[in-house]
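The following questions and answers guide a first-year student through one protein structure. Please consult the sequence and the structure while reading.

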Amino acid sequence: MAPKKIRVAAYTPFTGKGAGFDSVPANGNRVLNALSLAKKELDKLEDGADTLTVFVAPEWTWKKNEGFWTYGELGQILEYLTTLSKVHPKWLIFPGTILWAITTKEDEKTTKNFSWSKFKFEVKHFYKESAVVYNTMPVLLNGTFVHFAHKQHEGMDVNVRDTSQIFAFDPGKSASAF
């Protein structure tokens with residue numbers, strides 16, 4: 001039966017300057033805890049099978065406290081999210097965006113084929129010692145990626161020419177958007 005109602009749980013952590021994690025598991029635990037708390041509260045409502053539960057998290061939910069996730073760490077995050085979605089198969093999960101980069105140090109090639117998506121990214125303009133930054137939002141249902149939204153061109157909130165990745169965005173003090 002197709003859902004006739006929607007129940008939304010929104011997770012709203014601080015994701016601005018100074019926020020982030022050292023490891024994928026630490027970031028994943030934060031999202032898992034939020035989803036578990038939302039499930040506990042929503043289970044009290046006793047929605048029927050005609051209700052689709054939607055979990056949403058904000059931009060930059062998946063962000064390192066220093067720098068960007070690498071391509072390899074991106075793969076770990078996507079595997080983690082797939083498992084999380086399988087545990088909550090009837091939830092449509094928007095787990096927040098993942099801030100990651102391909103750096104010239106990491107990959108000399110200019111093209112990457114992503115096994116987890118239908119997209120092929122063309123990295124055409126590397127500056128010496130720079131990074132191409134991506135902000136990716138996967139959407140999952142029943143352990144399957146049903147959609148990806150990708151941004152490649154940053155909006156002055158990160159410094160891509162400095163691979164120490166200094167964040168220029170300061171919530172409440174600047175209006176830049178990725």
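Q: In this predicted model, how much space lies in the largest pocket?
A: The structure is a predicted model, so values are computed from predicted atom positions. For the largest pocket, the computed space is about 400 Å³.

Q: Which residues lie nearest the centre of the largest pocket?
A: The lining of this pocket consists of 18 residues. Helix α1 (24-43) and strand β2 (51-56) each contribute at least two residues to the lining. Nearest the centre lie G48, T51, T53, K90 and W91.

Q: How many residues of the lining of the largest pocket are nonpolar, polar and charged?
A: The lining contains residues of each of these three kinds. Glycine counts as polar in this division. The residues divide into 9 nonpolar, 4 polar and 5 charged.

Q: In what order do the elements of the protein run from the N terminus on?
A: The protein has 2 helices and 8 strands. Read from the N terminus, the elements follow the order β-α-β-α-β-β-β-β-β-β.

Q: How far does helix α2 reach from its first C-alpha to its last?
A: Helix α2 spans residues 71-87, which makes 17 residues. At 1.5 Å a residue, a reach of 24 Å is expected. The computed value is close to this expectation, at 25 Å.

Q: Which residues of α2 are buried?
A: A residue counts as buried when its relative accessible area is under 20%. An α-helix has 3.6 residues a turn, so residues three or four places apart point the same way. The buried residues in α2 are E73, L74, I77, L78, L81, T82, L84 and S85.

Q: Which element gives the largest share of the largest nonpolar core?
A: In soluble globular proteins, nonpolar side chains tend to be buried together. The largest nonpolar core here has 26 residues, and F55 and I98 have the most contacts inside it. The elements giving two or more residues to this core are α1, α2, β3 (91-94), β4 (98-103) and β7 (131-141). The largest share, 6 residues, comes from α1.

Q: Which residues does I98 touch, not counting residues up to four places away in sequence?
A: I98 is one of the residues with the most contacts inside the largest nonpolar core. Its contacts include L74, I77, L78 and L81, which are buried residues of α2. The full list is W62, W69, L74, I77, L78, L81, Y134, N135, T136 and P138.

Q: Is T15 buried or exposed?
A: T15 is found in the loop between β1 (5-10) and α1. Leaving aside neighbours within four places in sequence, T15 is in contact with R30, P58, E59, W60, T61 and K63. Because its relative accessibility is 13%, T15 counts as buried.

Q: What separates the C-alpha atoms of T15 and P58?
A: Along the chain, T15 and P58 are 43 residues apart. The separation of their C-alpha atoms in space is 7.8 Å.

Q: What is the phi of E46?
A: E46 is located in the loop between α1 and β2. With a relative accessible area of 71%, E46 is exposed. Although E46 is not a glycine, its phi is positive, at about 55 degrees.

Q: Where is N142, a residue other than glycine with a positive phi?
A: The phi of N142 is near 55 degrees. N142 counts as partly exposed, at 48% relative accessibility. Its place is in the loop between β7 and β8 (144-151).

Notes: Residues are numbered from 1 along each chain as its sequence is written. This is a predicted model: local features need pLDDT of at least 70, side-chain atom pairs count only at pLDDT 80 or more; totals for chains, interfaces and linings use all residues. Side-chain values use heavy atoms; hydrogens and water are left out. On a 1 Å grid over the protein atoms alone, a cavity is a set of points where a 1.4 Å probe fits but cannot get out, and a pocket is an open set with protein on both sides within 12 Å along at least five of seven lines; lining residues have an atom within 4 Å of a point. Grid points are joined across faces, edges and corners, and a volume is the space filled by probe spheres set on the points. Helices (H or I, at least four residues) and strands (E, at least two) are DSSP runs, numbered from the N terminus. The expected span of a helix is 1.5 Å times one less than its number of residues. Buried means under 20% relative accessible area, exposed over 50%, partly exposed in between (1.4 Å probe, protein chains only). A nonpolar core is a set of buried Ala, Val, Leu, Ile, Met, Phe, Trp, Tyr and Cys residues joined through side-chain atoms within 4.5 Å. Contact means heavy atoms within 4.5 Å.
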